[in-house]
Amino acid sequence: MSTAVDRSTAPHAPTVVTFDAVRGSRLRLTPTSAHPGDAAGAVRISRLVAPGG
């Protein structure tokens, strides 16, 4: 499976993750901080868009 991450370069801009099409009923995302334990390393998912095929 191929995965690409287009990281945001500005505050409040989205980071876009794309991957090959898959079939299934669930999706697990495991966000990993670039700065664990630091306030600047906070990770959240504020919006998730999963286009249907």
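The radius of gyration used here is taken over C-alpha atoms, and the yardstick for a globule is 2.2 Å times the number of residues to the power 0.38. With that in hand, here are the views, all of a predicted model.

**Figure 1. The whole protein, with two strands and zero helices.** By the yardstick above, a compact globule of 53 residues would come out near 10 Å, but this protein has a radius of gyration of 13 Å. Picture its C-alpha atoms in a box of roughly 35 × 20 × 20 Å, laid along the principal axes. How many of the 53 residues count as buried, as a percentage? Just 4% do. Now take the contacts between residues at least 6 apart in sequence: 0% of them join residues at least 24 apart.

**Figure 2. Ser2, in the segment before S1.** Ser2 is partly exposed, because its relative accessible area is 44% and that class runs between 20% and 50%. Which residues does Ser2 touch, once those up to four places away in sequence are set aside? They are Thr18, Phe19 and Asp20. Arg44 makes a handy second landmark here: it sits 42 residues from Ser2 along the chain, and 23 Å separates the two C-alpha atoms.

**Figure 3. Val5, a residue of strand S1.** Strand S1 covers residues 3-6, and this view looks at what Val5 meets there. Skip the neighbours within four places in sequence, and Val5 is in contact with Thr15, Val16 and Val17. Take Val17 from that trio: it is 12 residues away from Val5 along the chain, yet their C-alpha atoms are separated by 4.6 Å. Is Val5 buried or partly exposed? Val5 counts as partly exposed, since its relative accessibility is 46%.

**Figure 4. His12, in the loop between S1 and S2.** Have a look at the backbone here. Most residues other than glycine have a negative phi. His12 is not a glycine, but its phi is positive, at about 65°. As for its surroundings, His12 is exposed, because its relative accessible area is 80% and anything over 50% falls in that class.

**Figure 5. Ser33 and its polar partners, in the segment after strand S2.** Strand S2 itself spans 16-19. Where does the side chain of Ser33 reach at 2.6 Å? It goes to the backbone oxygen of Gly41. A polar atom of that Ser33 side chain also lies 2.9 Å from the backbone nitrogen of His35. Leaving out residues up to four places away in sequence, Ser33 touches Gly41 and Val43.

**Figure 6. The largest pocket, with a volume of about 1,700 Å³.** S1 and S2 are the elements that give two or more residues to its lining. Which of them provides the largest share? That would be S2, with four residues. In total, 41 residues line the pocket, and those lying nearest its centre are Thr15, Val16, Val17, Ile45 and Arg47. Thr15, Val16 and Val17 may ring a bell: they are the contacts of Val5 from Figure 3. Sorted by class, the lining has 20 nonpolar, 15 polar and six charged residues.

Note on methods. Residues numbered from 1 in each chain as written. Predicted model: local features only at pLDDT ≥ 70, side-chain atom pairs only at ≥ 80, totals over all residues. Heavy atoms only, no water. Buried < 20%, exposed > 50% of the residue type's maximum accessible area, 1.4 Å probe, protein only. Contact = heavy atoms within 4.5 Å. Polar contact = N/O pair within 3.5 Å; in protein donor to acceptor, adjacent residues only side chain to side chain. 1 Å grid on protein atoms, 1.4 Å probe; cavity = no way out; pocket = protein on both sides within 12 Å on 5 of 7 lines; lining within 4 Å. Points joined across faces, edges and corners; volume = space filled by probe spheres on them. Nonpolar A, V, L, I, M, F, W, Y, C, P; charged D, E, K, R; others polar.
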